[in-house]
Amino acid sequence: MEHHPDNPDKPPGPLAGVTVLDLTTMLAGPYATLLLAGLGARVIKIENPNSPDPARGNALFMGRDGVKAAPGHDDDLSLAILDRGRNKEAVTLDLKHPDARAVFMDLVRRADVLVENFSPGVTERLGIDYARCRAVNPKIVYTSISGFGPDADPRLGKAVDIVIQAMSGLMMASGAEGEAPVRVGIPIGDQAAPLFATIGTLAAVLQARATGQGQRVDVSLLGTMGALVAAEPFEMERKMGHATRSGNVLARLAPSGVFPTADGHIAISAPKDAFAAGLFRAMGRPELIHDARFCSRAARVSNHAILHEMVGAWTRTLDTGAVGALLASCGVPNGPVRDPADAMRDPGLLARGETARLEHPVYGAVDDVVAGGLPIRMSDAFTGFDKPAVALGASNGDVYGGLLGYDHEKLGWLAREG
């Protein structure tokens, strides 16, 4: 078996040998390339030295003094970059410079994948659009992540997560009837689109290896969230006169929902007859198993309001741990509602690399900061993040000198020319 290039005790990642040019900024694009990096691809993040990824300016910052609200030293890095820049190289290239396109196309010749999330029309103006890149490298997989798609009405403007949540219907899928729209508390639009972009990219890489021809992969934030929201039959429910917003309970899977306890809340889902019977036994109400209102799934759905009220009245009398223990003893799916800061520090998640502690490239883990890991484990390949993010342009020598073979004279000329 081959070994990881930086650690002989680790197998290589499944995408070892795949080179990715990362032209993305903010979250949606960088998250897609982060996933590719975590799977072993060589990801080269390309930034304008005069206006780098705006995420480099996002609060908070970490450096020799730990985490601070504002940078105190030149080598402090934003937590956003420390998160999204892991296992990536970072080079600078001003694509607006007249001589930069030739350098960029040298990179394209040696790449397998390019990922960008520029606004529509920008790649054409810069001369780095798919047609030009394909002319240089027919095998290139060119992945574009946009807000509304490449042919969207320009009047839609910029796509940001809260706008995507609003326009996709997601905000009206949560909460109860009559309540104000509910924003999901994580940037789900910015995080879901990269998942589909990564899937599409990997599929295109496989096809390129088989056919020798790359292609463009096109994923939009609104399209992704629209597809996910459409997984629930909201339109049909509305046509049948049913409420499409049910708050913390799900009527069609009754009993299913989030219920208050004496010291918090607990999630319970018991739609199957066996689960419902277990719930009734845990409640000390085994007679409900044969109650005509609850003895079948259809009956429980028809009487969901009174059933959910009964479950909530029971859970309120016990603390969360006691409710969970009773439900588990009766085989009922359940889990406590946890604070995000506590949930991400679950020892099991940390042990499996599904969440991970961030490190500064110079000072290491100077503060206890937990971020998302790579929730994919493989039996014969290394997956995850074992290299911290690096400072802007820190990989210029390795990439331009090593990958492209530029000599010191040319590197010096590129630096002098900006």
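Trainee: Which strand holds Lys 88?
Mentor: This is a predicted model. In it, a strand covers residues 88-92, and Lys 88 lies in that run. The strand is β6.

Trainee: Is Lys 88 buried or exposed?
Mentor: The relative accessibility of Lys 88 is 6%. Buried means under 20%. Lys 88 therefore counts as buried.

Trainee: Which side chain does the side chain of Lys 88 join in a polar contact?
Mentor: The side chain of Lys 88 reaches a backbone oxygen, that of Arg 84, at 2.9 Å. That is a backbone partner. The side-chain partner is at 3.2 Å, and it is Asp 22.

Trainee: Leaving aside neighbours within four places in sequence, which residues is Lys 88 in contact with?
Mentor: Asp 22 is on the list, and its side chain also makes the polar contact with Lys 88. The full set is Asp 22, Pro 30, Thr 33, Leu 34, Ala 37, Val 43 and Val 390.

Trainee: Which residues are closest to the centre of the largest pocket?
Mentor: The largest pocket holds about 1100 Å³ of space. Its lining counts 41 residues. β2 (42-47), α4 (122-126) and β8 (141-146) each supply at least two of them. Closest to the centre are Thr 25, Asn 117, Phe 118, Ser 119 and Lys 158.

Trainee: How many residues of that lining are nonpolar?
Mentor: Sort the lining by class. Nine residues are charged and 11 are polar. The nonpolar count is 21.

Trainee: What distance separates the centres of domain 1 and domain 2?
Mentor: The domain assignment gives domain 1 as 19-228 + 347-417 and domain 2 as 265-336. The centres are taken over C-alpha atoms. They are separated by 44 Å.

How values were computed: Residues numbered from 1 in each chain as written. Predicted model: local features only at pLDDT ≥ 70, side-chain atom pairs only at ≥ 80, totals over all residues. Heavy atoms only, no water. Helix = DSSP H or I, 4+ residues; strand = E, 2+ residues; numbered from the N terminus. Buried < 20%, exposed > 50% of the residue type's maximum accessible area, 1.4 Å probe, protein only. Polar contact = N/O pair within 3.5 Å; in protein donor to acceptor, adjacent residues only side chain to side chain. Contact = heavy atoms within 4.5 Å. 1 Å grid on protein atoms, 1.4 Å probe; cavity = no way out; pocket = protein on both sides within 12 Å on 5 of 7 lines; lining within 4 Å. Points joined across faces, edges and corners; volume = space filled by probe spheres on them. Nonpolar A, V, L, I, M, F, W, Y, C, P; charged D, E, K, R; others polar. Domains from an automatic or database assignment.
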